[in-house]
Number of protein chains: 2
Amino acid sequence: MFAGIDVGGANTKVATSATDGFIDTIYAPLWKNKAILYDVLLEVKQKFEIGAQAGIEAVGVVMTGELCDCFTTKREGVLHIKKTLSRVFKNVKFFDIDCAFRDGSEVDKDPLSFASTNWLASAKLLSEQYKDAIFIDIGSTTTDVIPIVRGEIKAKRTDLGRLKFGELIYSGVLRTNLATLLKKVEIGEKGENCRTSSELFAITADAYRVLGYLNKDDYRCESPDSHAFAGRENEGKSRISAMRRLARVVCCDLEEIGEDSVVSIAEQVKEAQVAELVASMKSMKQKYELKMVVSAGIGDFIVKEAADLLNIEFLSLSSRYGKEISAVFPAYAVTKLLEQTFS
Amino acid sequence: MFAGIDVGGANTKVATSATDGFIDTIYAPLWKNKAILYDVLLEVKQKFEIGAQAGIEAVGVVMTGELCDCFTTKREGVLHIKKTLSRVFKNVKFFDIDCAFRDGSEVDKDPLSFASTNWLASAKLLSEQYKDAIFIDIGSTTTDVIPIVRGEIKAKRTDLGRLKFGELIYSGVLRTNLATLLKKVEIGEKGENCRTSSELFAITADAYRVLGYLNKDDYRCESPDSHAFAGRENEGKSRISAMRRLARVVCCDLEEIGEDSVVSIAEQVKEAQVAELVASMKSMKQKYELKMVVSAGIGDFIVKEAADLLNIEFLSLSSRYGKEISAVFPAYAVTKLLEQTFS
C-alpha cells in the first residue's frame with residue numbers, strides 16, 4: 001500500500017491508497033513552529049503501523065509549506081520538509097514540477113523543483129480522466145484554478161506565475177482575513193459604503209459559519225480572537241462568536257449593528273469570493289473553450305455558485321470520492337500516482 | 001501637574017503637562033491579554049512618582065482599545081479600561097464624545113460615550129488654534145482625517161460613521177497587513193499585474209523600513225514572522241528581513257524576485273496609502289473649502305506627500321512640538337485639555 005502526504009503551511013494532509021484508506025487533516029501551523037512537523041509525521045506513522053494501514057511501501061510527498069515565514073527562503077523550506085519526511089519514513093518519493101517522483105537526494109540538488117506541487121498532483125491525476133476541464137480546489141487558505149486542455153496541464157509552474165494568471169487566488173474558505181477580500185462593505189438601510197478595518201478581526205470561516213455553510217467541526221483553524229477563548233476554544237467557534245467578529249470588521253460590536261447587518265457582511269464576503277473566481281474561470285473558459293469544472297476541496301459551494309453564474313458544467317469530486325477525500329485531494333492524488341508508478 | 005493616557009489596542013501612550021514632561025509609548029497588546037493593561041499602568045505610575053513627575057493631580061483618559069477582540073462588546077472594553085485605570089490612579093477623568101471630562105461613575109452609566117475618543121481630544125485641542133483645517137493623525141494602525149471648520153469638529157462621533165465618511169481610514173504605517181492595501185501589485189519588467197497573498201506576510205512597517213522611512217528603533221511592533229525570530233527580535237527588524245517579508249506577498253522569496261522588485265512593492269504600498277488619504281482629503285477640502293492640513297503621528301511623511309499632491313498647506317506638529325509629542329498627540333492633548341479645565 002502507498003501513502004500520500006501534503007505538507008502545507010497550516011495543515012498537513014494524509015491519504016492512503018487502500019479502498020476505505022486512511023484520511024486525515026492535521027492542523028500543524030509550521031509558520032509558528034517548524035519543528036511541529038516532525039511530531040505530526042511521527043503521529044501519522046504510528047497510525048500507519050496499526051491495523052489496515054500496516055505495510056506502507058512508499059510515501060509520496062507534495063508540499064506548499066515551504067513558503068511559510070519560518071523559512072528564510074523556499075529552498076530552506078523545501079529542504080526542511082524533505083529532511084523531516086526522510087527522518088520519519090523509509091521510502092519517501094517527492095513529486096516534482098515535471099510530475100515525476102524523485103528521491104530525497106534529488107531534492108537536495110534542486111529544491112525549487114519541489115516547491116508548491118500539491119495542486120499539480122491533483123491536476124495530473126484528474127487530467128487522465130478529464131481531458132478538457134478547469135480543475136478548481138478551494139481549501140482553507142487558497143484557491144487553485146487549473147486549466148486542463150486535451151489532457152495537458154496549462155497552468156504556470158510557480159506560485160508567482162500562477163498569481164499573475166489567476167491560476168492561484170490566495171483566498172480560501174477558512175483562514176482568509178476578510179479585510180483582504182473587502183476594502184468596503186455596504187452597511188445599514190441606505191446601503192452606504194463603509195471602509196473595513198485592516199485588523200485580523202474576522203476570517204472567511206466566520207462568514208461561512210454565520211451563513212450556515214460550516215458547522216463548529218468544520219471550523220478547522222484558530223479563530224482570530226482565539227487568545228480570548230483559551231481553554232474554551234469551542235465557544236469561539238459558535239455562530240454568535242463568529243457574528244461578533246464580523247461586526248468588528250466595521251469597528252462595531254454586535255449590539256451596535258445587529259444580526260441583519262452581520263449576515264449582510266457575510267453575504268458580501270461570499271459575493272466577493274465568487275466574483276474573483278468567476279473572473280478567473282471566465283478568462284480560462286474563453287481562452288481554452290472549456291465547458292466543465294471539476295471541483296475539489298472544502299469550498300466547493302463557492303465553485304458551484306461560480307459555475308452556475310457562468311453556465312458551465314459542475315462536477316464535484318466530493319460526490320464522486322466522498323467529502324473526506326475531496327478535502328485532502330492532493331494527498332490522495334499523490335498516493336494514486338505513486339501507486340501507478342511503482343506497483 | 002496633569003497626565004494623559006491613551007489606551008489603544010496595541011499601544012498605551014502617556015504624556016504629562018509639564019514642560020519637558022514625560023512622554024512614552026508602551027507596546028501593550030490588549031487583544032492578546034487584557035490583563036497586561038494593569039501591569040503597564042502600574043509601571044507608568046511608578047515613573048510618575050519619581051523626580052519631576054511627582055505630584056500628578058489628575059489623569060485624563062482617552063481610548064480606542066475597547067474595540068479589541070478580547071472584549072465581547074465595546075461596552076465591556078470601556079468598562080475594563082475604566083476599571084483598570086481607576087484601580088491604579090486616584091483622580092481619573094475620562095474624556096467623552098462631548099469633549100467633557102467625567103468621573104468613573106459616569107462611565108458606568110453610559111460606556112459607549114467614552115469609546116474611540118483619542119482622535120477627538122487631539123482635534124479639540126487643535127481646534128482652539130486652527131479654526132479651519134484638516135487634522136490628520138497617521139499612527140501605527142489607523143489614520144484619522146478630521147475636518148475642523150470655523151473651530152467646529154465636523155467628524156462623526158462613532159468609528160462606523162467615520163469609516164463611512166473617510167474620517168477613519170483603518171491603515172497605519174506600522175501594523176497594517178499589506179494584503180489589505182494591495183489586492184494586486186505590478187511586478188517584473190513588463191509591469192504585469194500580480195495578485196497578492198492574503199496571509200499576514202508583511203506589514204506597512206516592512207515597506208517603510210525598506211524605503212528608509214523607518215529605522216530599526218522605529219519598527220515598534222512585532223514583525224509578522226516574529227515566531228521565527230524568538231530571542232533575536234532585532235534581527236527580524238533588519239532591512240533584509242523586511243525585504244524577505246515583502247517578497248512573500250507575491251508568494252516568492254528574495255532570491256526569486258530580487259531587491260528591485262521588492263523595493264517596487266514597497267513603493268506601491270506607499271502609493272496606495274497616499275492615494276486613499278488623498279481621496280479623503282480631497283472630498284473634505286471641497287466640501288468645507290479647507291486649505292490647510294495639520295499633521296500628527298508617526299506617518300506624517302504620508303500626509304506631506306498627499307498634501308503636496310493636493311497643493312494644500314502642510315503643517316507638521318512634530319516641527320512644532322517635537323517628534324515625541326506628535327507621536328502620542330492624543331495623550332498630550334488630553335493632558336492639556338485637563339489642565340485647562342482643572343487648573
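**Figure 1. The largest cavity holds about 110 Å³ of space.** Of its 13 lining residues, those closest to the centre are A:Lys183, A:Thr196, B:Tyr170, B:Thr180 and B:Glu276. Sorted by class, the lining of this largest cavity consists of four nonpolar, six polar and three charged residues. The model shown here and in the other views is predicted. In total, four cavities of 30 Å³ or more are counted.

**Figure 2. The second largest cavity has a volume of about 40 Å³.** From chain A, its lining takes A:Glu66, A:Leu67, A:Cys68, A:Phe71, A:Thr72, A:Thr73 and A:Lys74. From chain B, the lining residues are B:Arg244, B:Arg248, B:Cys252 and B:Asp253. By class, four residues in the lining of the second largest cavity are nonpolar, two are polar and five are charged.

**Figure 3. Chains A and B are related by a two-fold axis.** A turn of 180° with a shift of 0.0 Å along the axis lays chain A on chain B, and the RMSD is 0.0 Å. These values are the reason why the relation is that of a two-fold axis. Within chain A, the C-alpha nearest the axis belongs to A:Thr180, at 2.2 Å from it. Both copies use the same surface, as 100% of the contact residues of chain A recur in chain B. The residue B:Thr180 appears also in Figure 1, where B:Thr180 is among the residues closest to the centre of the largest cavity.

**Figure 4. A:Cys251 is in no disulfide.** Over all chains, the structure holds zero disulfides. For A:Cys251, the nearest cysteine sulfur is that of A:Cys252, 7.1 Å away. A:Cys251 is buried, because its relative accessible area is 0% and the limit for a buried residue is under 20%.

**Figure 5. The sulfur of A:Cys252 is too far from the closest cysteine sulfur for a bond.** That closest sulfur lies in A:Cys194, at 7.0 Å. A disulfide requires two cysteine sulfur atoms within 2.5 Å, so the sulfur atoms of A:Cys252 and A:Cys194, 7.0 Å apart, form no bond. A:Cys252 has a relative accessibility of 1% and therefore counts as buried. In chain B, B:Cys252 is one of the residues that line the second largest cavity, shown in Figure 2.

Definitions and conventions: Residues numbered from 1 in each chain as written. Chains lettered and ligands numbered in written order. Predicted model: local features only at pLDDT ≥ 70, side-chain atom pairs only at ≥ 80, totals over all residues. Heavy atoms only, no water. 1 Å grid on protein atoms, 1.4 Å probe; cavity = no way out; pocket = protein on both sides within 12 Å on 5 of 7 lines; lining within 4 Å. Points joined across faces, edges and corners; volume = space filled by probe spheres on them. Nonpolar A, V, L, I, M, F, W, Y, C, P; charged D, E, K, R; others polar. Least-squares fit on C-alpha atoms with pLDDT ≥ 70 in both. Contact = heavy atoms within 4.5 Å. Buried < 20%, exposed > 50% of the residue type's maximum accessible area, 1.4 Å probe, protein only.
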